[in-house]
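Thanks for coming, everyone. Let me put the structure on the screen, and then we will walk through it.

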Amino acid sequence: MSTALRICPLCEATCGLTLTRDGSRVTGARGDRDDVFSRGFVCPKGAAFGEVDADPDRLRAPLVRKGSSGGGRGELQETTWEEAFDLIAARIPAILAEHGPGALAVVLGNPNVHTVAGALYPPVLLASVRTRSLFTASTLDQMPKHVSSGLLFGDAFAVPVPDLDRTDHLLVIGANPMDSNGSLCTAPDFPGKLRALRRRGGALTVVDPRRTRTARLADRHVAPRPGTDALLLAALAQVLFAEGLTGLGALAGRVQGLDALREAVRDFTPEAVAAVCDVDAATIRTLARELAAAPAAAVYGRMGSSTVEYGTLANWLVDVLNILTGNLDRPGGALFPLSATAPAPRPAGPGRGFDLGRWTSRVAGHPEAKGELPMAALAEEIDTPGEGRVRAVVAIAANPVLSAPDGHRLDRALGERLDFMVSVDPYLNETSRHADVVLPPPPPAQSAHFDFAFNNFAVRNQVRYTPAPVPLEEGRMDEAEIHARLILAVTGMHGADPSAVDDLVIGQALAKAVAQPHSPVHGRDAQELAAELTGDSGPERRLDMMLRLGPYDLTLDDLRAAPHGIDLGPLKPRLGQVLKTRSGMIELLPEPLAADLPRLRRALDTPAAPLVLVGRRHLRSNNSWMHNVPALTGGTNVCTLQVHPDDAARLGLTDGAPARIKADGGELEVTVEITDTLRPGVVSLPHGWGHDRPGTRLSVAARRPGVNVNQLLDGSRLDPLSGTAVLNGFPVELTPRR
């Protein structure tokens, strides 16, 4: 028996774990008390790391489809790594040569940001193929935040996070961090930080149609109609202007468009929005006044304010409120983290800005956002005939049959209309079952970990690296090698040494760095710099390079010498380093947002639907990929339709009985759970369920499959600016099953 350290990859909190090992088997997990960031905190998902790691349904060898005859597609069978990559190399380059790069769609799922390989290699694949057919989980989740940040600050990745440890007033809208552990806000022990806020005399306000665990902790809980977040936030901004409560503080002189914004929100008075939001005008004014009066405050919004009809406007207004109260880029407010692998800060001044709609999708003409097309459009891009049709898919850690609207259509498109499909996935799930080749990465204990993505959203600057706690099993292939060989096979370089991919990236990055005047290696020789890099693998050498080019003068050896991490201090004001707008200022009212405001104004006169649906997060779940772990099933982690007692009585529903729910995309049979934790007129069904399709190998999930809430949607409801699917606040009909 021995122990080893490992950063948890199972949610965005990135807690440090101490694993117990019996040889090469992980037998237990607890919080690492010496971790500089998480200080011993662990949630049920992290505690179940060993069970996640040892899931017997994880694929142990690659699969290829064999035995097709008479029009059938054949069966997936275990094969060698060589045969799997040979088949990819024979098929995808030929499709690209005949039909062009757009014929290959790359589909990226949420787990990519939880692994080293998932962060480092997909961008190389995309750059090599030059396809515009990119679909990711962002358009089912956070794209509105990226778009609003891009328009405000000129950088889609410049996402301010609440300074949880120093704020006096936190306004949370559409988020439940007591269960989610935070999202776009990397904060181990988010619950503890909220309790600490209360203990030091600070105030917590939660805006959510459900009385979540976070709402129960709050000083004030406001339960508006789902989907009206943007109206409520616009009314708060209107009150700040009307009552002279704005105060830019240190932002004065760095903001453009203040007068235009004042005029733009003039019509959204508390009285005008009260009936639509079902929040009285006095409460709205109180929220605005408390926000303005706090010594330091932050507004934080997430899924409930993103996956709605006005998601980009709502996310924009979250930061507008932080700006108008002078709380952006100040301690205790909302600040921009500085990751150890971020490029060295650039000098302040105008940048290239951010553009939307540089191209559009082939079928429906959806504009791109951050280089991506809506995941909801993937099926139509596959099954609609014509030039430019998607004929091949590379899906990496993605299960859009469950996570995207109208899974039935996508299920058929993947199974019947594709020429070829590759899945990089540890499971044979609802999506990967359609692949011609499945490439399974090893369990997480057999991989090193560094948080390339989440350190950019961390509430405290820190850096941590953990090597693989147990050696790679015989027959497994390292995840980085899988990705590198996939890139080589797709791009016609099959057979080259996988290290060539990392060498190419390092050479290009260093050549660019030595040419930049603000780079720490400006003027040096790129080849000499490459020779100085340490690391036992391509990813480690790339990590070492990024650390050396970053803002803290660190190396991989520094991280290896600090197994519990290096604390880099609290977040600091650094707006000048962040702004990349063409004006060099915060652009408060960019044209795309101004053009979308009339749509929001029309909502003031739109009758409310009698019944709408929202999702919900479970503490022991993360989308569709953690339902096969026995320790994380049961309890509150169940797929039930929560209904308020008043609605249940009105509709004749009984607790525990079946009911039928119907919306644009179809109908489902659900089990009713009557609860007063959500407001009347709202029902709630969790996301990521529906594990009942044939051909999968998810034995635990299949025993309690639940239903796929996204099958209620047909993909037509999107936030127009970000292309994000409207997964919350859409109208439904509910009847007892007769």
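One term before we start: buried means under 20% relative accessible area, exposed means over 50%, and partly exposed is in between. Take Asp-406. Its relative accessible area is 17%, so Asp-406 is buried. Keep in mind that this is a predicted model.

Stay with Asp-406 for a moment. Where is it? Asp-406 sits in the loop between α17 (400-403) and α18 (407-416). Its phi is positive, about 50°, and it is not a glycine. As background, most residues other than glycine have a negative phi.

Asp-189 also has a positive phi, of about 60°, and is not a glycine either. Look for it in the loop between α7 (177-180) and α8 (190-199). Is Asp-189 buried or partly exposed? At a relative accessible area of 25%, Asp-189 is partly exposed, because buried requires under 20%.

Two more positive phi values come right after helices. Arg-130 follows α5, with a positive phi near 60°. Helix α5 covers residues 122-129, and its buried residues are Pro-122, Val-124, Leu-125, Leu-126 and Val-129. Gly-154 comes just after α6, and its positive phi is about 85°.

How many residues of α6 are buried? The count is 11 of 11, for a helix that runs over residues 143-153. That buried list has charged and polar names in it too: Lys-145, His-146, Ser-148 and Ser-149 are among them.

Lys-145 brings us to the cavities. A search of the whole structure finds four of 30 Å³ or more. The largest has a volume of about 120 Å³. It is lined by 13 residues, and the closest to its centre are Glu-12, Ser-180, Gly-182, Arg-617 and Asn-622. What classes make up that lining? One residue is nonpolar, eight are polar and four are charged.

Now the second largest cavity. Its volume is about 90 Å³. Here 14 residues form the lining, and Lys-145, Pro-160, Val-299, Tyr-300 and Gly-301 are the closest to the centre. Three elements give two or more residues each: β8 (161-162), β13 (297-301) and α15 (311-324). By class, this lining has nine nonpolar, two polar and three charged residues.

On to the cores. In soluble globular proteins, nonpolar side chains tend to be buried together. In this model, the largest nonpolar core has 66 residues, and the members that touch the most others are Leu-231, Phe-268, Trp-316, Ile-323 and Ile-586. Which helix gives the largest share of this core? That is α10, residues 229-242, with 11 residues. Apart from that core lies another, of 54 residues, including Trp-359, Met-421, Ile-661 and Val-672.

Look closer at Phe-268. Leaving aside neighbours within four places in sequence, Phe-268 is in contact with Leu-231, Ala-234, Ala-235, Gln-238 and Val-273, and also with Leu-597, Leu-600, Arg-601 and Leu-604.

Next, Gly-666. This residue lies in strand β24, residues 666-674. Its relative accessible area is 24%, so Gly-666 is partly exposed. Beyond its sequence neighbours within four places, Gly-666 is in contact with Ile-661, Gln-711 and Leu-712. Gly-666 and Leu-712 are 46 residues apart along the chain, yet their C-alpha atoms are separated by 4.9 Å.

Asn-728 is another one to click on. You will find it in the loop between β27 (724-725) and β28 (730-731). Asn-728 counts as buried, at 11% relative accessibility. Its contacts outside four places in sequence are Met-303, Thr-307, Val-308, Leu-613, Val-614 and Gly-615. Compare a pair that is apart: Asn-728 and Gly-102 are 626 residues apart in sequence and 31 Å apart in space, C-alpha to C-alpha.

Last topic, the cysteines. How many disulfides are there? The count is zero. Why does Cys-11 not form a bond? Its closest cysteine sulfur is in Cys-43, 5.1 Å away, which is too far, because a disulfide needs the sulfurs within 2.5 Å. Cys-11 counts as buried, at 8% relative accessibility. Cys-639 is buried as well, with a relative accessible area of 15%.

That is the tour. Over to you.

How values were computed: Residues are numbered from 1 along each chain as its sequence is written. This is a predicted model: local features need pLDDT of at least 70, side-chain atom pairs count only at pLDDT 80 or more; totals for chains, interfaces and linings use all residues. Side-chain values use heavy atoms; hydrogens and water are left out. On a 1 Å grid over the protein atoms alone, a cavity is a set of points where a 1.4 Å probe fits but cannot get out, and a pocket is an open set with protein on both sides within 12 Å along at least five of seven lines; lining residues have an atom within 4 Å of a point. Grid points are joined across faces, edges and corners, and a volume is the space filled by probe spheres set on the points. Helices (H or I, at least four residues) and strands (E, at least two) are DSSP runs, numbered from the N terminus. Buried means under 20% relative accessible area, exposed over 50%, partly exposed in between (1.4 Å probe, protein chains only). A nonpolar core is a set of buried Ala, Val, Leu, Ile, Met, Phe, Trp, Tyr and Cys residues joined through side-chain atoms within 4.5 Å. Contact means heavy atoms within 4.5 Å.
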